Structure formats: C-alpha cells, structure tokens
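This report describes selected features of one protein chain, taken in turn under short headings. The sequence and the coordinates are shown first.

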Amino acid sequence: MNILINDGISQSGENALKEAGFVLFQDKVEQDHLIDFMNENQIDVILVRSATKVRKDLIDAVPSLKLIGRGGVGLDNIDVDYAKEKGIYVINTPGASSISVAELVFAHLFGMARGLHDSNRNMPLEGDTKFNDLKKSYAKSVELKGKVLGVIGLGRIGREVASIGIGLGMHVMGVDRSDTDGIKTIRFKLFNGEEVPYKIEVKSIEEVLKLADFVTLHIPSQSDYIIGKEQLDSMKDGAFLVNASRGGVVDEKALVDALESGKLTAAALDVFENEPKPEIQLLMNPKLSLSPHIGGSTVEAQERIGTELAEQICELLKVEV
C-alpha cells in the first residue's frame, strides 16, 4: 500500500510504516496538484497536518483512498463525515501534542507577565543606550502565582493547562461545554508518574471572563467568534488572553482595539484568522506575543504523533509492525 506523507512525520513513525511494508511518498505536493499526484501513484493513505486540506472533491476524485490521517488534534481541514460515508477511515492523534501546547501557553503567559515579548524586541534596539529606561518600564511585571487562570475548554489540552496552572499555585477556573456550574477533577501529574486528583470550579464563560486575570482558549474551530468585542469588554481590566487553539475563535480586530485601549495588558496568538499571512497590525503590535502555529511542534510531540499514526494505520489496515 502507498502512503503520501504530505506534511511530514517523525523518523519513528516513518520507520514503523516502512517495517510494516508500506511504500512512502514524502513529496510536499501542493494542494492544486494533490489529486493528480495521488491518482498517478495510487495513494491508499494520506497523512496531513493543518496545511493540507482533504475535501469532498479530493475524496471523490481519488478512488484508491482508504485512510486519511491527521497528525494533531483538529480535523477541520478534512471533510470527516463525508469521508466516513464513503467508507474511508479518518484518524488523528488528539493526545499526542497536549503537553506541548500547554507548555507553549505558559511560555506566552510567563513572557507577557514579565514583558519579555516586548523587551526581547527593545533590548537589541535600545539596550545599550536606554538600559535604565527599559529597566524601569518593565518594573511593573506581575506573577502568575495566586492569580485566576480561566481555561476555556477542558479537553485534553485544557486539562494539561489547568494542571500546570495548579502546580504554579494559580486559582484555576474552567469552562466546559458539558457543565456550566460545578466541579471537575483534574489529574495533577507528578514527575514520577503519580497522579493527584485536584478539583477545579467549572463556570459559565461569562463568569470566567469577569473573574480571570489570565484567559486561555482550548476549543475546536467555530462558525463564529467565541471572543468578540462584547466578551473582551466583559473581561477584567488589565487581563491577559492567549489563543493557541484555532484561528477564527477570537475577533482579531476587536482584540487589537482592546489592547490599544488598555482594556487588556497583553495577548498571545499562536493561531490566526489568516494563516499563513497574519494581518500586519497583529505582527507589529507591541502588546502581542506571537508564534507561528507551533503548539504541537516539539520533538517529543512529533515522535508521539508519528508513532500513534503508524500504530493506528497498521491496526486499521491489518498489517503487522
């Protein structure tokens, strides 16, 4: 069987697939040429990340296709229901990158709380001439310990974020679509593999936005904004916001307005409405901490993703590793 690995895979995943007898194609095929390439090479399996789209037209045009694999969590770039109707397997790796995304969230949170996202821009430019001025301007930093962390979405990634927040001594509140008023138990993971149960409050998104000093989003792609002008206006003055989930869940124009008015102290974006060409007003805003959609892009996460994909493919297509 032939596999097109269009957005890359770890060496461990590649080795496992080769050992199972699959023929691998690792060309990066542009979207417009994907159908022709897959038909010419009789591709049975296509593996993608977020860049490549597998829509109805491709599914209909490639009769050899048996399985679509997504390295990561979201499946919004794949017409999942239609593929399944056609008898095509659709798989992903929802847990493989949870820790990586959660750690990136806190990289942004720590950076914003101490002004590092801004000082890293200014020190190379003015560190030699305005050192004391810069020192004074970043002297009003805040600590995370003791602050309220609002986690919107308590799936795998949201729970990892909550766990780290608990470990830092933050007061964690969650928003969960299945429960708007109650308690949820988070498994706080220790270095030696032990897990300690910890209960966090679950509230409505309106309550969390009003109470949280730091808000982080962990929700799937939506048809409309989850955080728009109304929601930003309801947040605590001086709060911080992180979106490392999906572009389009935050109204970026309203976000810039909230930053420029001083409503929010700072915000962080790992995902954007217009990828791979984010709006210039976002890229140039000194109150934004930015990264290029790298939530799951760690060596460890890629190893887990590759291994999990290979295991699922071998199981579903009934071959031995």
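## The second largest pocket

In this predicted model, the second largest pocket holds about 310 Å³ of space. Three elements each give two or more residues to its lining: α5 (98-113), α6 (116-126) and β12 (264-269).

The lining consists of 16 residues, and those nearest the centre of the pocket are M112, G115, H117, Y138 and T265. By class, the lining residues of this pocket comprise seven nonpolar, five polar and four charged.

## The eight-stranded sheet

Eight strands form an open sheet with mixed pairing, in the order β8-β9-β7-β6-β10-β11-β12-β13. Its edges are β8 (182-189) and β13 (288-290), each of which pairs on one side only. From one strand to the next, the twist averages 25°. Strand β12, which contributes to the lining of the second largest pocket, stands between β11 and β13 in the strand order.

Within this sheet, strand β7 (residues 171-175) pairs with strand β9 (residues 195-202) in the parallel sense, over two bridges. In this pairing, G174 of β7 is placed opposite V202 in β9.

## Strand β10 and its neighbours

Strand β10 (residues 214-217) has parallel partners on either side in the strand order: β6 (residues 148-152), joined over four bridges, and β11 (residues 239-243), likewise over four bridges. On the β6 side, G150 stands opposite V215; on the β11 side, F214 stands opposite F240. The connection from β10 to β11 passes through helix α10 (residues 229-234), and this β-α-β crossover is right-handed.

How are the side chains of β10 arranged, and are they buried or exposed? F214 and T216 point one way, V215 and L217 point the other way, and all are buried. In a regular strand, side chains alternate between the two faces of the sheet. The directions listed for β10 follow that alternation.

## Residue I164 in helix α8

Helix α8 (residues 156-167) contains I164. Is this residue buried, partly exposed or exposed? I164 counts as partly exposed because its relative accessibility is 26%, and the partly exposed class lies between the cut-offs of 20% and 50%.

I164 and A102 are 62 residues apart along the chain, yet their C-alpha atoms are separated by 7.8 Å. A102 falls within the residue range of α5 (98-113), one of the elements that give two or more residues to the lining of the second largest pocket.

Conventions: Residues are numbered from 1 along each chain as its sequence is written. This is a predicted model: local features need pLDDT of at least 70, side-chain atom pairs count only at pLDDT 80 or more; totals for chains, interfaces and linings use all residues. Side-chain values use heavy atoms; hydrogens and water are left out. On a 1 Å grid over the protein atoms alone, a cavity is a set of points where a 1.4 Å probe fits but cannot get out, and a pocket is an open set with protein on both sides within 12 Å along at least five of seven lines; lining residues have an atom within 4 Å of a point. Grid points are joined across faces, edges and corners, and a volume is the space filled by probe spheres set on the points. Ala, Val, Leu, Ile, Met, Phe, Trp, Tyr, Cys and Pro count as nonpolar, Asp, Glu, Lys and Arg as charged, and the others, Gly among them, as polar. Buried means under 20% relative accessible area, exposed over 50%, partly exposed in between (1.4 Å probe, protein chains only). Two strands pair if DSSP finds at least two bridges between them. A crossover is right-handed if, with the strands pointing away from the viewer, the path from the first strand over the helix to the second runs clockwise. Axes are lines fitted to C-alpha atoms, for helices over the stretch in contact, and angles run from 0 to 180 degrees between N-to-C directions.
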